[in-house]
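Here are some comments on the model you sent, set out point by point. They begin with the ligand site and then turn to one of the sheets.

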Amino acid sequence: MTEDTPVRGLVEALTLEETARLVSGTTDPTGRATGYLAGVERLDVPPLCMVDGPLGVRIPDESATAFPAPIALAATFDDELAREHGAALGRETRAAGADVLLAPGTNLIRVPQGGRNFEYFSEDPVSSAATAASVVEGIESEGVIATPKHYVANGQETDRAAVSAEVDERALRELYLPSFRAAVAAGAGSVMSAYNRVNGTRMSDHRRLLTDVLKEEWGFDGYVVSDWYGTESAVDAATAGLDVEMPGVPMAETSDATAGDGDDDDAPASDDPIPPEIARGMPDPETCEPFDEALPAAVRNGSLPRERLDDMATRVLRTMDRAGVLDGDRSPVEADAEAHRRTAFEVATRGSVLLKNEGALPLPAAADVALVGPAVDEAVLGGGGSAETTPETSTAPREGLEARADGAVTVVPGHPPIEGVSMLDLLTDEEGEKDNVDATDTDAADAVDATDTDSDGDAASDDLAVDVDSAVAAAEAADVAVVVVRDTTTEALDRDGLGLPGSQDELIEAVAAAADRTVVTVAASGPVELPWRGAVDAVLVNWYPGQVHGDALAALLYGDVDPGGRLPVTFAPASAYPTADRRRFPGVDGRVSHDEGVLVGYRWFDARDLEPTYPFGHGRSYAEFEYRDASLEGVRRGDGDDGDDVAVTATLANVADRDGREVVQTYVRPPDVAGVDRPAREFAGAESVAVAAGERETVTVRLDDLAFSRYDPEDGWTVDAGEYVVEVGRSARDARLELTVER
Ligand code: BGC
């Protein structure tokens with residue numbers, strides 16, 4: 001390839017030591033980067049600067065747009081918006097002087113209480129893949145290298161570096177790999193390997209998945225970077241297909257193990273031991289072998305072929321070259337903070353899901369509002385860990401509502417603040433002990449109970465009673481009570497369950513009993529249990545909305561915008577998911593059985609005939625829609641491929657007297673084939689469409705072969721002959737029209 005010509009010349013000119021150094025992480029002399037490759041000054045190869053993460057650029061002591069959590073983006077079911085979001089992330093990365101964004105997070109949401117669900121997209125592989133591909137396209141369109149992570153089957157945080165995901169080939173292919181494959185096809189220049197093992201092998205050493213599948217089968221020619229401190233034997237990892245080791249320096253020498261403090265570039269962030277629940281299974285930082293020390297020796301003694309090391313360097317240089325980093329002439333760009341705030345607002349509103357509305361919303365502008373709940377005074381920016389961002393400005397729900405309301409807004413939180421859990425706090429706990437976290441029995445409830453009480457909650461209950469009384473009084477006096485609640489979560493820990501922390505459930509119940517109308521808005525990392533939902537008039541889930549929390553909430557509540565989101569995850573009690581079985585989560589003896597196979601998320605609820613609280617795809621508009629006149633036609637794929645895709649077209653009529661937005665969803669039900677078990681239905685694609693009051697729009701969703709395929713361990717992707725039913729509708733449990741197609 002001609003594009004490799006300058007790269008080839010460089011690789012030939014590198015000494016053995018220089019080649020190994022080029023692929024070894026090291027400390028950024030400025031202390032800004034999360035990950036840093038120093039380049040080769042002698043040959044004018046510039047450094048490569050990597051920053052986190054999926055919710056926005058994270059650099060110590062610097063601000064950036066705090067975007068809504070990726071799960072909100074997935075809830076928009078809008079690829080165009082995902083691309084715009086990715087481009088904004090990419091532009092901020094460039095503007096910060098960095099070259100690589102350690103995003104998007106493309107793990108499938110398998111465990112509803114997974115600590116990083118907010119960083120990921122969906123429980124469904126097709127929706128996850130579509131969002132991942134669009135975000136990657138957006139990031140790369142700004143000359144920034146995207147890094148889909150964590151490859152692969154990193155579905156839980158509990159013992160994340162120790163556990164082995166025991167998963168069969170079909171589930172890997174149908175569920176866990178598609179979003180990575182789509183991200184690679186969309187042009188991702190790098191892929192981050194996960195901490196966990198898959199079927200017994202550490203992912204940074206997983207030759208079959210790194211080399212055979214990712215590189216050879218999918219044709220990925222960028223570089224694979226390890227997760228931070230995720231490698232053990234340098235030679236094993238390099239042999240298996242890992243190309244870059246991060247961070248490449250012992251933990252005590254980095255400015256920060258996971259979330260930089262940036263206070264003093266020369267000093268270690270902390271001498272405290274890493275809490276065992278975070279460190280368990282991580283390679284020992286004292287004994288793990290830095291690439292730059294181990295690899296030259298391995299080449300000399302014949303345990304690593306020089307060609308492999310050269311290939312590692314080629315992949316790094318090629319990716320730098322494509323992104324325009326190599327010519328050392330990256331013109332500085334500026335990030336338009338106001339434009340990015342608008343993008344963040346669009347994602348936050350379009351991703352918010354109205355689960356229930358019995359006439360309480362939109363609020364009349366003149367209504368007197370009692371604003372209650374622990375999250376009224378802060379924008380919920382995200383979960384803890386490497387995705388933490390620092391915005392220049394943010395609006396809290398209180399500010400948003402006060403600015404928008406014509407009626408009175410009486411603010412009575414009625415509950416102590418729920419502080420987010422920061423992984424950084426866990427790492428720097430002065431006691432060196434986690435008195436409030438016990439990951440052995442994953443009793444993280446105490447960790448997230450910011451009421452700071454003992455487990456009975458005695459200390460706080462008196463205070464709370466007083467607060468609840470005044471909240472209840474305010475709710476009684478107002479036209480409507482708006483209760484703003486939240487969950488809290490962090491990288492490195494899973495949530496204890498799906499309940500809201502503290503006494504938020506009790507607060508909602510007390511308010512609902514007193515108020516004429518009660519609206520609950522939930523800032524959530526993923527599924528949450530809503531035991532009071534029958535007692536309230538409306539429930540709006542707005543995930544972690546980021547810096548625009550207050551503005552977005554006010555616009556939604558007063559109906560300035562339609563809630564455009566639909567659930568990318570099933571909502572149900574924790575006990576109803578397949579992962580309620582300890583073998584499947586958090587695993588037994590270090591092994592996490594995935595023997596639910598392809599029955600993750602709504603597929604499980606279909607197979608077991610279980611009624612979810614709210615199904616995948618569910619979400620209401622303020623308008624009302626009718627689905628009419630669906631049809632199917634074969635569409636030539638082109639590009640030398642003589643197969644047909646299927647275009648599903650339906651007419652959507654907005655029969656309300658207000659504008660609205662609908663997400664038209666398609667699901668495929670396969671034919672019965674002897675000896676073949678398949679999910680009852682699989683999501684196949686969706687289109688988000690705005691329809692003006694009284695108008696109609698024609699919507700087309702294109703289904704490719706994968707929508708009809710299953711993965712056969714012997715024959716690969718297989719389309720069984722027979723009649724497939726295509727459902728067109730509003731959720732996995734709400735088909736409005738059905739069509740059939742022969743394949
Ligand atoms: C996380 C990655 C992150 C990296 C660098 C790791 O702990 O798993 O997602 O990009 O740290 O901060």
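**Ligand site and one sheet**

1. Around the ligand there are 15 residues (each having a heavy atom within 4 Å of it), and those that come nearest are Asp52, Arg116, His150, Asp227 and Glu491. This is a predicted model, in which local features need pLDDT of at least 70 and side-chain atom pairs count only at pLDDT 80 or more, while totals for chains, interfaces and linings use all residues. Residues are numbered from 1 along each chain as its sequence is written, and side-chain values use heavy atoms, with hydrogens and water left out.

2. Three side chains make polar contacts with the ligand, that is, pairs of N or O atoms within 3.5 Å: an N or O atom of Asp52 is 2.5 Å from a ligand oxygen, a polar atom of His150 lies 2.7 Å from a ligand oxygen, and for Arg116 the corresponding distance is 2.8 Å. The ligand taken alone exposes 310 Å², of which the protein buries 100% (Shrake-Rupley method, 1.4 Å probe).

3. An open sheet is formed by four strands (DSSP E runs of at least two residues, numbered from the N terminus) in the order 20-19-24-25, with antiparallel pairing, where pairing requires at least two DSSP bridges between two strands. Strand 20 (682–691) and strand 25 (734–742) are the edge strands, each pairing on one side only.

4. Strand 19 (residues 660–669) pairs with strand 20 in the antiparallel sense over nine bridges, and Gln665 has Ala686 in strand 20 as its bridge partner.

Key
A polar contact is a pair of N or O atoms within 3.5 Å; within protein, one must be able to donate a hydrogen and the other to accept it, and residues adjacent in sequence count only if both atoms are side-chain atoms.
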